[in-house]
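Q: Hi! I've just opened this one and would like a friendly tour.

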Amino acid sequence: MPETDVVPHSEVDLDMEEISTAAGSYDWTRAEFVYSNGGGGLCSSSDITTTDTTDSCYGHTTADAKGNSVKDNGAIRTLRGFATSGASKMAEETWWPVYKNYWGDDDYADTFVLKAFDGGAWASKDDLMRAELVKKGVAYQAVWMYVLHEFEDAIKDCLSGDIYDNDATTAGDSPHAWDEGWAFYAGSIEGTDGSGSGQMLFQLAEKRCADFGTCADGITGDANVNTKALTYAELGRDKILLGMCSDVATEFDLIVDQMTIPLIQGMLKYAFKADPANTQGSCTDGDCPKEWAEGWAFAAAVLPRIHYCSSSVAEVIVDNLSVDASAPMSVNGYEYLKTQVEKTYSCLGITCAEVGEFQNTAGVYDGMDACLDNYEVIAGYEPATDVVPHSMVDLDMEEISAAVDSYDWTQAEFGNSIKGSGAIRTLQGFATSGASKMSAEKWWPIYSAYWGDDNYADTFVMNAISGDYASLPDNMRDQLIKKGVAYQAVWMYVMHEFEDAISDCLAGDIWDNEETSDAGDSPHAWDEGWAFLAGSIEGTDGSGSGQMLYQLAEKRCADFGTCVSGTSGEAKANLKALAYAEQGRDKILDGDCVTVQFEFDEIVKQLTVPLVQGMLKYAFKSDPANSQGSCTSGSCPKEWAEGWAFAAAVLPQVHECDHTVASMIVANLDVMNSDPMSENGFEEFKESVESVYSCMGITCADMGEFQNSAGVYAGMDACVDGSGTVTSSSSSDDDDDVDGIPVVIVIILAAVALILLLVAIVLFFQWRKTETKLYELVANGDKASNNML
C-alpha cells in the first residue's frame, strides 16, 4: 500500500498497452506517437477550450495527445520521457551511468526503440522483429531504469535531510518517489492484488515464472520475484517513513537484483528458441525473427549489468543474439551461452534457484536444467563454481598408477576429466603448459630455471617411460612415474590455478579469469586449484583414498605424527590448506585481490610439507648404513626411487634457499648415482635439510618425526624450531636448556655482559670528569690546556 497517491503515475502502463497494440498491428506511426507524446486519444475540440491550466489539453490542439498519465500541473507523463531523462536526473545514481557507459549513449533506451520505428536502422527488418524490439525496448529498458531512478531518488532525498522534500520543482516527497517506483514497476492494469494482465515489469515476472518454475507453486501462483520485490519495497517504504535513510539502500539493491531475474530468464528462453541447431526450438528452419528479436531485446536490457560482471560473457551474448548479426545463435549453441551467463549470477546477486529452469508441462527442456548454487563439496572444500569434472583428473592418476604397478608403460603413457568444450584434460597437459600459462607466475620460473627445462615435469616422467631412466629396474620406474606426475606436474598446476585466480582478480574483473578459455573466472580458477589438489576420489569429506596431493598429506602425517591425533586423524597440512583455500575463495568473491596472496603463500608451504617428509622418509629407508632401513643389503630400488621422486619435487625450493643443501640432496638421492645415500648418512642428510626450513616457510613442528607404532626411529626425532640444532622431541621440554643452549652457558654470558657494561659506565664518567677539568683550565687562560682541546 503506497503512502501517497500514485494511481495517476501507475496509469502510464496504459500508454504501454497502446504501444503494444499499435506495434502488434505494425502501426509504427501510432506506436511512435504514443511513445513520444502519450496515449489516451487526442484532445477534442471541446477539450482544448478548457480554462483549467492543470488540464492536459489546456493550450493544445486537436492533434495533441490527451494523455493517460497526467501530472498535477497538466503535463503528460510519457515513456519517451523516461527513456531520455537519464543525463538530467540520474547522472549521480548507481545504474544509469553503468548502462549509458556500456552503450556509449545517454539516451540508450530511446536509441534502441527508435531504431525499430520508421526511418531507424532496423526499419527494414521483419515486422515481427520490429514489434518485439519496440515493445520490449520500451518496457524493459526505459521503464526498468526509470523504476530504479524513482527508488534511488527517494533514498537520495531522504539522505538530504527531509524525507518530505523529494523534488522541490514538483509536488513530490521522498515517500512519494518510493511509491512512484512501485507504481511504474506494476502499473494500473494489475489491479489492487496483482491479478491483472498488465504491461509492465510485474507482469513480465509473472510470465517468466510460469516458464521457469519460479512461481509460488512452480509454474503457477505468484512470481517469487514479485513477492520478494514487494516485500523489499514495503520494507524500504517503512524505513524511509522512519527516517532510516542509510539502511534503505539494502532494499533498493535487493529490488534491482529481483528485477534482473526475469530479464535473464527471457534472454535464456529466447536464446533456446532462436538456436537453429536446437531441434526443440522455433528456428530449425533458420527463420525465427520474433524469437530472435525477443532474445536480443531481453539481452540488451541486461547486458550492461552482465558486462559489469564479465566483459567476456557480455561478448558471447552479443555475438549470438544481436539482431545486427547475419543469423541468430550462429557462434555458440544455447547451452554454451547458458553456462556462460550462469557464471555471472553470484556477481549479479541472484541464484540458480531464483532463475529456475526452462520448461513446459511435459518437463524441463534438454539443456535447460537449473544450475547449482551449492556445488559438490570436494574433500571438505565448498567451491563457488562447478569443478567436479576437473577433480576427476585423479581418475587418470589412478589408471596411471595401476598401469605402472603392472609395468604397462604403454597404457600408463596413453583421459577421464573432460573440459566444458569436450576436450580431454590430461596430466601431460599439466606438465607441459608452464611456458604458455605460468611464465609470469611465482613458482614455475623457479622450477624451470633450476632444471633448465620448460617441461621439466614431463621430462622427468618420460625419462622413466622411455628415456634416461628406462634401463632402471621396473619397481624404480613405476615410482618415478607415479610420483613424478602427482608431485611435480599436478603440484605445479595446482599452484598455477591458485595464482592465476589472483592474477585475474587483480586485473579488475573477478569473473573474467581467462577470456580465451571455455569457462574461466577468478573464483572458478581458485576452485580448480583445490579440485586438482584433492581429486574426486577423496569424496566430499576427504575420507577416500585418493591419488593426489591431499592423499599424500594423509599418508605422510601417519608416518610423521602430524595428523590431528598424532599418527591418526586428518593431516594437519590438509586442514591448514583447506582453511587457507576457503579464506582465499571468500576474499576473491569479495574482490579482495591483494591480500589473498597471503593465503596462496600459506597453501604452498602446507603442500611442501609432505614432499619434504617423503624425501626424509626414503632417505632414511634407502641409506645402506642404516640398520633400521630397507637397504642394508645395498639393494632398495623402490625406496631409492621414492626418495628421488620426492626430492625432485622439492629441490627447486631447496636450491632457492641454499644451493649447497640442494647439491647434497642430489649427491645422495639422484637415481643416476651409482648407489643411494652414498655421500652422507640419513642423519646428516636430515640435519642439512632442516637448515632450510625457515627459508621455506615450514617448521619443525609442521614436519614432525618419522616413526612407527613402536615409536620414533633413532635419528629421526623432530628438530626444534628456532635452534637450528637437532634434539630429541623430549629435549624441547627440558627446563635446563634455552632453545638448545645449556642454561649455565646462558648465565655465564649474561654475567660477562654485565661486567663489561659496568666497566664502560665507570670509564665514561671518568672521561666526563677529566673533560670538565680541561674546560675549566681553558676558561682560566691556560694555553697549554687549550692546545690539548
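Q: Great, it's loaded. Is Arg305 buried or exposed?
A: Arg305 is buried, because its relative accessible area is 4%. Buried means under 20% relative accessible area, exposed means over 50%, and partly exposed is in between, with a 1.4 Å probe and protein chains only. A quick note on the source: this is a predicted model, where local features need pLDDT of at least 70, side-chain atom pairs count only at pLDDT 80 or more, and totals for chains, interfaces and linings use all residues. Residues are numbered from 1 along each chain as its sequence is written, and side-chain values use heavy atoms, leaving out hydrogens and water.

Q: Thanks! Which residue forms a salt bridge with Arg305?
A: That's Asp257, with the closest N and O atoms 3.3 Å apart. A salt bridge here is a side-chain nitrogen of Lys or Arg within 4 Å of a carboxyl oxygen of Asp or Glu. Asp257 lies in helix H12 and Arg305 in helix H13, so the pair ties together parts that are 48 residues apart in sequence. Helices are DSSP runs (H or I, at least four residues), numbered from the N terminus.

Q: And Asp257, buried or exposed?
A: Asp257 counts as buried because its relative accessible area is 12%.

Q: How many salt bridges does a search of the whole structure find?
A: The search finds 29 salt bridges. One of them pairs Lys136 with Glu294, the closest N and O atoms being 2.9 Å apart. Lys136 sits in helix H8 (residues 127-159) and Glu294 in helix H13, so this pair ties together parts 158 residues apart in sequence. Both Lys136 and Glu294 are buried.

Q: Which residues are linked in a network with those two?
A: Glu132, Lys135 and Lys290 are linked with Lys136 and Glu294 in a network of salt bridges.

Q: Where do Asp559 and Arg556 lie?
A: Both are in helix H27 (residues 549-560), three residues apart, which is about one turn of the helix. Their side chains meet in a salt bridge (2.9 Å, N to O). Asp559 and Arg556 are both buried.

Q: Why would three places apart suit a pairing like that?
A: An α-helix has 3.6 residues a turn, so residues three or four places apart point the same way.

Q: Changing topic: how many disulfides are there in the whole structure?
A: There are 11 disulfides, each a pair of cysteine sulfur atoms within 2.5 Å. Among them, Cys505 is joined to Cys593, S to S 1.9 Å. That pair links distant parts of the chain: Cys505 is in helix H25 (residues 474-506), while Cys593 is in the loop between helix H28 (572-589) and helix H29 (596-621), 88 residues apart. The link of Cys505 and Cys593 is left-handed, with -60° about the S-S bond. Both Cys505 and Cys593 are buried.

Q: What about Cys557 and Cys563, is their disulfide left-handed or right-handed?
A: The torsion about the S-S bond of Cys557 and Cys563 is about 90°, so that disulfide is right-handed. Their sulfur atoms are 1.9 Å apart. Cys557 is buried because its relative accessibility is 1%, and Cys563 is buried at 1% relative accessibility.

Q: Where are Cys657 and Cys695?
A: Cys657 is in helix H30 (residues 637-657) and Cys695 in helix H33 (residues 693-696), 38 residues apart, so to speak of distant parts of the chain being linked is fair here. The disulfide that joins Cys657 to Cys695 has an S to S distance of 2.1 Å. With -90° about the S-S bond, the link of Cys657 and Cys695 is left-handed. Cys657 counts as partly exposed at 26% relative accessibility, and Cys695 counts as partly exposed at 49%.

Q: Now helix H14: which of its residues are buried?
A: In H14 (residues 311-321), the buried ones are Ser312, Val313, Ala314, Val316, Ile317, Asn320 and Leu321.

Q: What do those pack against?
A: The buried residues of H14 pack against helix H12 (249-273), helix H13 (289-309) and helix H15 (334-342).

Q: Last one: where is Thr78 found?
A: Thr78 is in the loop between helix H3 (28-37) and helix H4 (79-83). Thr78 counts as buried, at 14% relative accessibility.

Note on methods:
Helices (H or I, at least four residues) and strands (E, at least two) are DSSP runs, numbered from the N terminus. Contact means heavy atoms within 4.5 Å.
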